[in-house]
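Colleague: I should be grateful for a guided reading of the structure shown below. Please give the general idea where there is one, and then the case at hand.

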Amino acid sequence: METVVGAWRRSGEDCFPKRLEALVELRRRMNLSPLPQDVVDAVLSSCSRDASKYTDHKEASLDAKQGLLSRAMAVMDALRDPPSIPCDNQTDIGLRNPPCEDDVFYIHGCLCPVEMEQATAFELEDDFLLSRYLRAREFNSHKAELMLRQCLQWRESHHIDHCLRRRDPTEILWQSFAPTDHYGHDRLGRPVVIERVGVVRPGKILKYLEKEDFMARHSRLMEIVLHTIEQARHRFGSHVTQHVVIMDLKNLSFKPHPASMGLFRQTIEIDQNYYPETLGALFLINAPSVFTTLWPMIRPFIDTKTRQKVHVIGGNYQETLFTHIDPRQLPKEYGGTCTKPFPSAKEIPSGWSAPPIAERRHAPITSDIRCEVLVKNADQVLKYQCADAKNQQHFYPESGADYAGRSNHKTQNFDGHSQNSRPSSSSTLTSDTLTHNANNFSRTGIGGTHRISNNEQNSTLYTNPYLQKLASHIDNALTTLVSTPLKQYQTAV
């Protein structure tokens, strides 16, 4: 019996010539490196099944031929339409490494792993990325170019490329009022995102934040989605170019907030304009009767292709979900058998207040060197460490009126657990301490912290005199740090 992936790999060849031409033209329009002519010839010969149309360079090495074949197959896979799951879940999907219960992929909220913070999500030279924009515009290279350039302009103006380099300082608020989790994969290997939309109360969130914060949060979520799709493609096969969303509408308010429709429309616009062709399927489960009234108002904002991917289901959703997602990849709350944590929404901590707008928006990373400093008083530095921009750094003052309310600040590891980041009063700056900190530094999050760089010693962040003095000392030390190996740093200090 032919597998789903096998059938997909043998599909779409009739469309290859036109789509390949569009890809080549889009690369030219975007001033990208052209596809090698050998790759183009290999793809076209595969379409015609006429080997005589492809010139085999006998003088080429075996590695070169294998590289050519690999690139040609990748181009063909990128140009194919994504596969779909048949109604009969007994059909063999044909994944090379099927997901199992022991390694269910899980991210709580937007607490992305460190490898995502260090990666580049938007690589223009990627044929899979370019094909998404071509597919969204029916492989019209001119329209795809306009769409892609508008996306690049949006990413630059909103600093999207940098958004995963920092923790979201409002993470606790979103996990309390709008819980979302990346949980497992479907039967095709596509990442699954579970959004508990029914418990979202925009009115409560807007007491702390602004409407723009919703879009900043959603773009952060989608950047993580791009990474999870890429990781799944490397693991399960090149057919994985999309993700799956489960929206739980349980407890949906019968009286929606006035801002709800506008926020939903903006979210749809971001997905359709800047993250096209990333949605494989959307399951709206536990849909109450009130949603039947809202759905006709929502449908016009969704393009026709996306509408075909939407499944509106009531409370009896398990059979439909299990057709697309193995129960071993779902939490028990939704009828699955996986024991991975799936925390419920929690109340916002008493006394919590939103950080300043500048800290809540995506901001560019401007310095290559950053430091983490823990101080006991104005005269003694207890811990001092530096790393490049790929790692995340913190500044935790032990006292000071400028940081009232942050004296009990805790950092979070990338596994989501808290740990006290303060040293004891007897801490000292030693070679061993520096080495230990450097080895463990990449595991530390940055939510709700201040950073010190060599360009920020006069920043208005440091209105406290002793902090200004300390920042000046740090700036002087940075010059030495840049060229001083870690083991020799104790001498430099």
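Modeller: Let us begin with aromatic rings. Trp-154, Tyr-274 and Tyr-275 form one aromatic cluster. Please keep in mind throughout that this is a predicted model.

Colleague: How many aromatic pairs does the structure hold?

Modeller: There are seven aromatic pairs in the structure. One of them joins Tyr-106 and Tyr-183 in an edge-to-face arrangement, with 5.5 Å from centre to centre and 75 degrees between the planes. Because Tyr-106 belongs to strand E1 (residues 106-108) and Tyr-183 to strand E2 (residues 180-185), the pair ties together parts that are 77 residues apart in sequence.

Colleague: Which of the classes buried, partly exposed or exposed applies to Tyr-106, and which to Tyr-183?

Modeller: Tyr-106 has a relative accessible area of 22%, so this residue is partly exposed, the lower limit of that class being 20%. Tyr-183 counts as buried, since its relative accessibility is 0%.

Colleague: Which residue lies over the face of Trp-8, and which over the face of Phe-128?

Modeller: Over the face of Trp-8 lies Arg-80, 5.5 Å from the ring centre. Over the face of Phe-128 lies Arg-233, at 4.3 Å from the ring centre.

Colleague: I should now like to turn to helices. How is the packing of two helices described?

Modeller: Two packed helices are described by the angle between their axes together with the distance between those axes. Here, the axes of helix H2 (residues 16-29) and helix H6 (residues 127-136) come within 10 Å and cross at roughly 105 degrees. H2 is therefore roughly perpendicular to H6, as angles of 65 to 115 degrees fall in that class.

Colleague: Which residues make the contact between H2 and H6?

Modeller: H2 contributes Ala-22, Leu-23, Leu-26 and Arg-27, while H6 contributes Asp-127, Leu-130 and Leu-134. Sorted by class, the contact of H2 with H6 has five nonpolar residues, two charged residues and no polar ones.

Colleague: My next topic is the backbone. What sign of phi do most residues other than glycine have?

Modeller: Most residues other than glycine have a negative phi. Phe-139, although not a glycine, has a positive phi of about 60 degrees. Phe-139 is placed in the loop between H6 and helix H7 (141-157), and with a relative accessible area of 10% this residue is buried.

Colleague: What is the phi of Glu-277, and where does Glu-277 lie?

Modeller: The phi of Glu-277 is near 60 degrees, a positive value in a residue other than glycine. Glu-277 lies in the loop between helix H11 (260-274) and strand E5 (279-285). Its relative accessible area is 14%, so Glu-277 is buried.

Colleague: Where is Gly-336 found, and what does Gly-336 touch?

Modeller: Gly-336 is found in the loop between helix H14 (318-324) and helix H15 (357-360), and is buried, with a relative accessible area of 9%. Not counting residues up to four places away in sequence, Gly-336 touches Pro-327, Leu-330 and Pro-331. The C-alpha atoms of Gly-336 and Phe-322 are separated by 8.6 Å, and these residues are 14 apart along the chain.

Colleague: Finally, how many helices and strands does the protein have?

Modeller: The secondary structure comes to 18 helices and 11 strands. Of the 493 residues of the protein, 48% count as buried. Among contacts between residues at least 6 apart in sequence, 78% join residues at least 24 apart.

Methods:
Residues numbered from 1 in each chain as written. Predicted model: local features only at pLDDT ≥ 70, side-chain atom pairs only at ≥ 80, totals over all residues. Heavy atoms only, no water. Axes fitted to C-alpha atoms, helices over the stretch in contact; angles between N-to-C directions. Helix = DSSP H or I, 4+ residues; strand = E, 2+ residues; numbered from the N terminus. Parallel < 35°, antiparallel > 145°, perpendicular 65-115°, else oblique. Contact = heavy atoms within 4.5 Å. Nonpolar A, V, L, I, M, F, W, Y, C, P; charged D, E, K, R; others polar. Phe/Tyr/Trp six-rings, centres within 6.5 Å; stacked < 30°, edge-to-face > 60°. Buried < 20%, exposed > 50% of the residue type's maximum accessible area, 1.4 Å probe, protein only. Lys NZ or Arg CZ within 6 Å of the ring centre and 35° of its normal.
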